[in-house]
Amino acid sequence: MRIETVNGRKLVCGHIFPHSELAVGQRWAPADGGDYEVTIVEVNEDYVWHESKFGKIRKDAFGFQVRYCKIVD
């Protein structure tokens, strides 16, 4: 796990969080360095729903984390 600053945001990169650490309200940024962010709006046993400029999207927890990096302060 490492912290990188991308587009002015500190991101956790190279890490997959346990499902229990995914929570509503967390902000994530695209792993490819995109300048937008997504917010988790729902979490259940298998899936994460997030809101972004593309609307509300559902992904399995692993698939979500390989596409997005958690924003930390």
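A charge is said to sit over a ring when NZ of Lys or CZ of Arg is within 6 Å of the ring centre and within 35 degrees of the ring normal. Keep that in mind, and let's start with a spot that fits it: the charged end of Lys70 sits over the ring of Phe17, 5.0 Å from the ring's centre. One caveat before going on: this is a predicted model.

Now step back to the sheet. Seven strands make up an open sheet, and they line up in the order S1-S2-S7-S3-S4-S5-S6 with antiparallel pairing. At the edges you'll find strand S1 (2–6) and strand S6 (55–60); each has a single partner strand, so one side of each is left without a neighbour in the sheet. Going from one strand to the next, the twist averages 40 degrees.

Let's look at one of those edges. Strand S5, residues 47–52, runs antiparallel to S6, and six bridges join the two. Here Trp49 stands opposite Arg58 in S6. Arg58 has an aromatic ring to deal with as well: Arg58 lies over the face of Tyr47, at 4.0 Å from the ring centre.

Back to Phe17, then, and its aromatic company. A pair of aromatic rings is described by two things, the distance of the centres and the angle of the planes. The count of such pairs in this model comes to four. Take Phe17 and Trp28: their ring centres are 5.9 Å apart and their planes stand at 80 degrees, and since over 60 counts as edge-to-face, that is what this pair is. Phe17 lies in the loop between strand S2 (9–13) and strand S3 (27–30), while Trp28 is in strand S3, so the pair ties together parts that are 11 residues apart in sequence. Both Phe17 and Trp28 are buried. They also belong to one aromatic cluster, together with Phe64 and Tyr68.

What does Gln65 touch in this model? Leaving aside residues up to four places away in sequence, Gln65 touches His15, Ile16, Phe17, Leu22 and Trp28. So both members of our edge-to-face pair are on the list of residues that Gln65 contacts. Gln65 itself is found in helix H1, which covers residues 61–67. Is this glutamine buried or exposed? Its relative accessibility is 6%, and the cut-off for buried is under 20%, so Gln65 counts as buried. Its side chain has a polar atom 2.6 Å from the backbone nitrogen of Phe17.

Note on methods: Residues are numbered from 1 along each chain as its sequence is written. This is a predicted model: local features need pLDDT of at least 70, side-chain atom pairs count only at pLDDT 80 or more; totals for chains, interfaces and linings use all residues. Side-chain values use heavy atoms; hydrogens and water are left out. Two strands pair if DSSP finds at least two bridges between them. Helices (H or I, at least four residues) and strands (E, at least two) are DSSP runs, numbered from the N terminus. Axes are lines fitted to C-alpha atoms, for helices over the stretch in contact, and angles run from 0 to 180 degrees between N-to-C directions. Buried means under 20% relative accessible area, exposed over 50%, partly exposed in between (1.4 Å probe, protein chains only). A polar contact is a pair of N or O atoms within 3.5 Å; within protein, one must be able to donate a hydrogen and the other to accept it, and residues adjacent in sequence count only if both atoms are side-chain atoms. Contact means heavy atoms within 4.5 Å. Rings of Phe, Tyr and Trp (its six-membered ring) pair if their centres lie within 6.5 Å; planes under 30 degrees apart count as stacked, over 60 as edge-to-face and the rest as tilted.
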